[in-house]
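Biologist: Got a minute to walk me through this one? I'd like to know what I'm looking at before I head back to the bench.

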Amino acid sequence: MANTITAHINQVGPTTSQGEIRGHTVLIDRPRAKGGEDRGAMGGEYLLVALGGCFNSNLLAAIHARGAAIANIHIALEGTLEGTPPRYTRIHMAVAADYEDRALMERLIAISERSCIVANTLKDTLQLTVSVGERAPAN
């Protein structure tokens, strides 16, 4: 059975849109250098945030379900744009956290990647890679 998710986008300024889903809002805009007002990230930038957020949500659920001693997760995403019109051809996620058991961390990352709706949607259209870094630096 298919599920449907609905989002709404409304213009709220000369170059700015507001996205709404389930009562949550974000501003979408272009940087000043591209003729925008820089009131929010661009849609293509939000794609990286959506991927990282979806991935981390699944990772946190997997950690919680197993009572794993993993904390302070940091995910750095880097997307490569190519072509005309431009599109992401590669995205890499580098995951770092405080953990003791690297094998467990790698297993939970694999579970998260398989469970992430955004990752599953993108995998057939671009090269998506994930690496496990050393423990997150102390704050």
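Modeller: Sure. Let's begin with α2: its buried residues pack against α1, β4, β5, α3 and β6. Keep in mind that this is a predicted model.

Biologist: Okay, which residues of α2 are the buried ones?

Modeller: Leu 104, Met 105, Leu 108, Ile 109, Ile 111, Ser 112 and Glu 113.

Biologist: And how many residues does α2 have, and what does it reach from end to end?

Modeller: α2 has 14 residues and spans 20 Å between its first and last C-alpha, close to the 20 Å expected at 1.5 Å a residue.

Biologist: What caps the N-terminal end of α2?

Modeller: Asp 101 does. One of its side-chain oxygens sits 3.1 Å from the backbone nitrogen of Ala 103.

Biologist: Now the core. Which residues touch the most other members in the largest nonpolar core?

Modeller: That core has 28 residues, and the ones touching the most other members are Leu 51, Phe 55, Leu 59, Ile 70, Ile 91, Met 105 and Leu 108.

Biologist: Which elements give two or more residues to this core?

Modeller: Those are α1 (43-66), β4 (70-82), β5 (87-99), α2 (102-115), α3 (117-122) and β6 (127-132). The largest share comes from α1, with seven residues.

Biologist: Pick Ile 91 for me. What does Ile 91 touch?

Modeller: Leaving out residues up to four places away in sequence, Ile 91 touches Leu 48, Leu 51, Leu 77, Glu 78, Gly 79, Leu 122, Leu 126, Gln 127, Leu 128 and Thr 129.

Biologist: Let's do sheets. What's the strand order in the one with β4, and how is it paired?

Modeller: It's an open sheet of three strands, β4-β5-β6, with mixed pairing. β4 and β6 are the edge strands with a single partner each, so each has one side without a neighbour in the sheet. From one strand to the next, the twist averages 15 degrees.

Biologist: Are β5 and β6 parallel or antiparallel?

Modeller: Parallel, over six bridges. Within that pair, Met 93 stands opposite Val 130 in β6.

Biologist: Where do α1 and α2 go relative to those strands?

Modeller: α1 packs on the sheet and touches β4, β5 and β6, with its direction at about 150 degrees to that of β4. α2 also lies across β4, β5 and β6, and it runs at about 155 degrees to β6.

Biologist: What about β1, β2 and β3, how are they arranged?

Modeller: They make an open sheet of three strands in the order β1-β2-β3, and the pairing is antiparallel. β1 (8-11) and β3 (24-28) are at the edges, each with a single partner strand, so one side of each lacks a neighbour in the sheet. Neighbouring strands here are turned by 25 degrees against each other on average, ignoring direction.

Biologist: How many bridges join β1 to β2, and how many residues are in the hairpin between them?

Modeller: Four bridges join them, and the hairpin runs through five residues. On the other side, β2 (residues 17-21) pairs with β3 over five bridges.

Biologist: What stands opposite Gln 18?

Modeller: Gln 18 faces Leu 27 in β3, and Asn 10 stands opposite Gln 18 too. Further along, Glu 20 is opposite Thr 25 in β3.

Biologist: Last one: which residue takes a positive phi in the hairpin of β2 and β3?

Modeller: Arg 22, with phi near 50 degrees; that hairpin has two residues between the strands.

Key. Residues numbered from 1 in each chain as written. Predicted model: local features only at pLDDT ≥ 70, side-chain atom pairs only at ≥ 80, totals over all residues. Heavy atoms only, no water. Core = buried A, V, L, I, M, F, W, Y, C linked by side-chain atoms within 4.5 Å. Buried < 20%, exposed > 50% of the residue type's maximum accessible area, 1.4 Å probe, protein only. Contact = heavy atoms within 4.5 Å. Expected span 1.5 Å × (residues − 1). Polar contact = N/O pair within 3.5 Å; in protein donor to acceptor, adjacent residues only side chain to side chain. Pairing = 2+ DSSP bridges. Axes fitted to C-alpha atoms, helices over the stretch in contact; angles between N-to-C directions.
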